Amino acid sequence: MGRLERDLKRKVKNTKKDYSEWYSEHEQQIMRRVEETDEEIELGGIKAKRRVYMPVILGCAVILLAAIITIIVLLNNSSRIDQPGLTFSEDAVTQSYMTEEEVNGLISGYPQFEKMENVTCTKLLYSADDSLVMNIVDGELETPNDFYLINIRISYTQSFIFFDKWEFEDLENQTVINGTAIEYESKGTDDYGMDLYYAVTKSENATLYWKVSCIEGLFDEWLQIMFE
């Protein structure tokens, strides 16, 4: 005896009609109700009944659709700055100062920065997803023989084309100091009449673009002090 039949017999028990007679009179309504609320499914050859609640199904469909959309958006934004062929310029980034913790972490990763004084650090974020594009470090170095103003741009993606990036390409001189490969070249003088040099070095996950201005032009001294 099925559960439905037992339930119906309990409902008819207190009536004066026989169950068979009552069922015959209400068979159409019963079958229509069953069709509206139950669907029969096959489970490995075994028939089972599963109640269908349309609001629940619709709710699950909405949640699933939202999840799919979210995944698509995340995939489109993920590593956007590293997509092949994608380049962007300074109008696509925002600049802000770094926290003390961020500055300390950056300086500790590059021993050259610890040799400078009056160090300031800023960061550039890609406006589309707030990913870190570049750190900018400014500092000074004074020796008995010369005084140096130093600007370093630490680029984390080759997709970012800052305004004078092209000037760091194909620098004419190369040297290696304590395992660090350095490309460099004299660029004449800066706006203050100081001798100006450009240099490029690489770290594990970034390219460093150096601008060095010095009063006496002792760039070789600067190389040895910074990378010894």
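Helices and strands here are DSSP runs, numbered from the N terminus. With that in hand, let's work through this predicted model.

**Exercise 1. Place Glu183 and say how much of it is covered.**

Step 1: Start with the element. Glu183 sits in strand S8.

Step 2: Bring in the accessibility. Glu183 has 33% relative accessibility. Partly exposed covers the range between under 20% and over 50%, so Glu183 falls in that class.

Step 3: Look for partners beyond four places in sequence. Glu183 touches Leu171, Asn173, Gln174, Tyr198, Ala199 and Val200.

Step 4: Check one of these by backbone distance. Tyr198 is 15 residues from Glu183 along the chain, and their C-alpha atoms are 8.3 Å apart.

**Exercise 2. Do the same for Glu185, then find what its side chain reaches.**

Step 1: Glu185 belongs to strand S8, which spans residues 180-189.

Step 2: Is Glu185 buried or exposed? The relative accessible area of Glu185 is 16%, and the cut-off for buried is under 20%, so Glu185 is buried.

Step 3: Skip the neighbours within four places in sequence and list the contacts. Glu185 meets Asp170, Leu171, Glu172 and Asn173, and also Leu196, Tyr197 and Tyr198.

Step 4: Pick out the polar partner. From the side chain of Glu185 to the backbone nitrogen of Glu172 is 3.1 Å.

**Exercise 3. Describe the second largest pocket and tie it to the strands.**

Step 1: Get the volume. The second largest pocket holds about 300 Å³ of space.

Step 2: Find the residues at its middle. The lining has 20 residues, and the closest to the centre are Ala181, Val200, Thr201, Lys202 and Ser203.

Step 3: Map the lining onto elements. S8, strand S9 (195-202) and strand S10 (207-214) each give two or more residues to it.

Step 4: Sort the lining by class. There are 9 nonpolar, 6 polar and 5 charged residues.

**Exercise 4. Follow Asn151 from its strand to its side-chain partner.**

Step 1: Asn151 is part of strand S6.

Step 2: The relative accessibility of Asn151 is 17%, so this residue counts as buried.

Step 3: Go through the contacts, again leaving out neighbours within four places. Asn151 contacts Ile136, Val137 and Asp138, plus Tyr209, Trp210 and Lys211.

Step 4: Which residue does the side chain of Asn151 pair with in a polar contact? The partner is the side chain of Asp138, at 2.9 Å.

Step 5: Add a long-range distance. Val119 is 32 residues from Asn151 in sequence, with 9.8 Å between the two C-alpha atoms.

**Exercise 5. Work out what helix H5 packs against.**

Step 1: List the buried residues of H5, which covers residues 219-227. They are Phe219, Glu221, Trp222, Leu223, Met226 and Phe227.

Step 2: Recall some helix geometry. An α-helix has 3.6 residues a turn, so residues three or four places apart point the same way.

Step 3: Find the partners. The buried residues of H5 pack against strand S5 (132-142), strand S6 (147-155), strand S7 (173-177), S8, S9 and S10.

**Exercise 6. Examine two residues with an unusual phi sign.**

Step 1: Set the baseline. Most residues other than glycine have a negative phi.

Step 2: Take Asn118. Its phi is positive, about 50°, although it is not a glycine. Asn118 is in strand S4 (residues 117-126), and its 56% relative accessibility makes it exposed.

Step 3: Take Asp130. Phi here is also positive, near 60°. Asp130 is in the loop between S4 and S5, and at 55% relative accessibility it is exposed.

**Exercise 7. Locate Asn205 and its contacts.**

Step 1: Asn205 is in the loop between S9 and S10.

Step 2: With 53% relative accessibility, Asn205 is exposed.

Step 3: Beyond four places in sequence, Asn205 contacts Tyr110 and Tyr156. Ser155 is 50 residues away along the chain, and its C-alpha atom is 8.8 Å from that of Asn205.

**Exercise 8. Zoom out to the whole protein.**

Step 1: Count the elements: 5 helices and 10 strands.

Step 2: Note the burial. Of the 228 residues, 34% are buried.

Step 3: Weigh the long-range contacts. Among contacts with a separation of 6 or more, 47% join residues 24 or more positions apart.

Step 4: Finish with the surface. The accessible area is about 15,200 Å², and carbon and sulfur atoms account for 52% of it.

Note on methods. Residues are numbered from 1 along each chain as its sequence is written. This is a predicted model: local features need pLDDT of at least 70, side-chain atom pairs count only at pLDDT 80 or more; totals for chains, interfaces and linings use all residues. Side-chain values use heavy atoms; hydrogens and water are left out. Helices (H or I, at least four residues) and strands (E, at least two) are DSSP runs, numbered from the N terminus. Buried means under 20% relative accessible area, exposed over 50%, partly exposed in between (1.4 Å probe, protein chains only). A polar contact is a pair of N or O atoms within 3.5 Å; within protein, one must be able to donate a hydrogen and the other to accept it, and residues adjacent in sequence count only if both atoms are side-chain atoms. Contact means heavy atoms within 4.5 Å. Accessible areas come from the Shrake-Rupley method with a 1.4 Å probe; for residues, only the protein chains shown count as cover. On a 1 Å grid over the protein atoms alone, a cavity is a set of points where a 1.4 Å probe fits but cannot get out, and a pocket is an open set with protein on both sides within 12 Å along at least five of seven lines; lining residues have an atom within 4 Å of a point. Grid points are joined across faces, edges and corners, and a volume is the space filled by probe spheres set on the points. Ala, Val, Leu, Ile, Met, Phe, Trp, Tyr, Cys and Pro count as nonpolar, Asp, Glu, Lys and Arg as charged, and the others, Gly among them, as polar.
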